[in-house]
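This briefing gathers a set of computed features by topic, and it is meant to be read with the sequence and the coordinates at hand. Please follow each point on the structure shown here.

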Amino acid sequence: MLSDFVFGWFSMDMGIDLGTCSTLVCIRDKGIVLNEPSVVAVRKGTNIVLNNGEAVGLVAREMLGKTPGSISAIRPLKDGVISDFEVTESMLAYFIRKAHGGGIVRPRVVIAVPCGITDVERQAVIGTAERAGARKVYLVEEPMAAGIGAGLPIIEPTASMIVDIGGGTTEVAIMSLADVASCESIRVGGDDMDEAIINHLKKTYNLLLGEARAEKVKMQIGSVTPLEKELTMEVAGRDTISGMPRKIVITSEEIREALRSPIAAILETVTASLEKAEPELAADLIDNGIHICGGGSLLRGMDTALTNATGLKVQIVEDPLSSVARGTSIYLENLEMWKDTMDRSEYGRLQYATSRV
Ligand code: ADP
Ligand code: MG
């Protein structure tokens, strides 16, 4: 539309990856302009965002764990979908405002959403983004955005498989001809790995660890397959019996064992998805392999474990934490082209449920 073209000169259209852990905003020609934790600090028991709506993202994370009783830091997307719409709206409004930098015309926005969400949830995301300041909102399936961002040939007549291991969810999708042929989403991701580490230390050492420290353990010594040189790490927590702070040394072997259950859930979802795939698409994947992204793809040996489970070659996409955001921005640039494919696809029909403006 002409109006879109004209507005395009004044507004900074943006692609948004609204993740459970972090939100990224990508703008054409500028790249990733915002990358902040999806965290909001509110007055306890209310949805009132502190600092006049500015206690969001990095600022809110600073407050995490150090908040006095009257303040709580919320992750409004904890389980992969928006669990608290009001808070998400405040968060999105802040991010859009910040990324937009006081532009005159309200931006068009593409938001990546998990493919498992319902029509009602889609409409809610659109409404939330509109109220948060978007002129027009489009939704794209997360794995599709990840595939575009990773430069996979998803519009070609050949299958691509994306496994996106995020904080709250893991999505496994097979795409071909610019369409999602199948997508499975489980509510298991990096958060569950952190929780598994917390539970292990509590059970084995009576040591209570906070979430941030558990995440650090995962990143520093966590693994899926045996390491050439196993690692150790000193961690501090609170003794559950004496109540006093205490330090212990843990090994990568025991952490690998602790991570077994969430990892198994992820591997099973991938193998199940392959078993259900159309034979033609499955055959394509022998050559094309599997591409993994999201923070969880960086866990040591994740790629090897997936190869062992499937027999396929597995590749971590370039910059796996930003592929979805980069994909949303490219998607927005090529909206006219995608509209054709959106009209005919089952998933596209839903995607096309854009805002009314
Ligand atoms: P989301 O899309 O849900 O916001 P991300 O793709 O940003 O999630 O991934 C965040 C998750 O990835 C977190 O659980 C984080 O701990 C985990 N993660 C990030 N880097 C690493 C790493 N190097 N090793 C293991 N896990 C990681
Ligand atoms: Mg993500």
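**Strand pairing and the open sheet**

Strand β1 (residues 14-18) and strand β6 (residues 108-113) pair in the parallel sense, and four bridges join them. This is a predicted model, and the points below take up the sheet, the salt bridges, one helix and a surface patch.

- Within the pairing of these strands, M14 has V109 in β6 as its bridge partner.
- Five strands make up an open sheet, whose order is β3-β2-β1-β6-β7 and whose pairing is mixed.
- At the edges of this sheet lie β3 (31-37) and β7 (136-141), each of which pairs on one side only.
- From one strand to the next, the twist averages 20 degrees.

**Salt bridges that involve the edge strands**

- The structure holds 13 salt bridges, and the pairs described here are among them.
- K98 forms a salt bridge with E36, in which the closest N and O atoms are 2.6 Å apart.
- This pair links distant parts of the chain, since K98 belongs to helix α4 (residues 85-100) and E36 to strand β3, with their positions 62 residues apart in the numbering.
- The two partners can be set side by side by their accessibility: K98 is partly exposed, with a relative accessible area of 42%, whereas E36 is buried, with a relative accessible area of 4%.
- E141 forms a salt bridge with R122, and here the closest N and O atoms are 2.8 Å apart.
- Because E141 lies in strand β7 and R122 in helix α5 (residues 119-131), the pair ties together parts that are 19 residues apart in sequence.
- E141 is buried, with a relative accessible area of 0%, and R122 is buried as well, with a relative accessible area of 2%.

**A further salt bridge and a network**

- R256 forms a salt bridge with E230, the closest N and O atoms of the pair being 3.0 Å apart.
- R256 lies in helix α9 (residues 252-258), while E230 lies in the loop between α8 (211-221) and β12 (232-239), so the pair ties together parts that are 26 residues apart in sequence.
- Since buried means under 20% relative accessible area, R256 counts as buried at 16% relative accessibility, whereas E230, at 24% relative accessibility, counts as partly exposed.
- D13, R108 and R135 are joined into one network by salt bridges that share partners.

**Helix α7 and the residue that follows**

- How far apart should the ends of helix α7 (residues 190-205) be, given its 16 residues and 1.5 Å a residue? The expected span is 22 Å, and the end C-alpha atoms are 22 Å apart, so the two values agree.
- The buried residues of α7 include G190, D191, M193 and D194, and also A196, I197, I198, H200 and L201.
- As general background, an α-helix has 3.6 residues a turn, so residues three or four places apart point the same way.
- Just after α7, N206 takes a positive phi of about 55 degrees.

**A nonpolar surface patch**

- L298, I316 and L321 make a nonpolar surface patch of about 260 Å².
- Of these residues, L298 lies in the loop between β14 (290-293) and α12 (302-310).

Definitions and conventions
Residues numbered from 1 in each chain as written. Chains lettered and ligands numbered in written order. Predicted model: local features only at pLDDT ≥ 70, side-chain atom pairs only at ≥ 80, totals over all residues. Heavy atoms only, no water. Helix = DSSP H or I, 4+ residues; strand = E, 2+ residues; numbered from the N terminus. Expected span 1.5 Å × (residues − 1). Buried < 20%, exposed > 50% of the residue type's maximum accessible area, 1.4 Å probe, protein only. Patch = residues over 30% accessible without salt bridge, like charges linked within 9 Å, V, L, I, M, F, W, Y side chains within 5 Å. Areas by Shrake-Rupley, 256 points an atom, 1.4 Å probe, with all protein chains shown as cover. Salt bridge = Lys/Arg side-chain N within 4 Å of Asp/Glu carboxyl O. Pairing = 2+ DSSP bridges. Axes fitted to C-alpha atoms, helices over the stretch in contact; angles between N-to-C directions.
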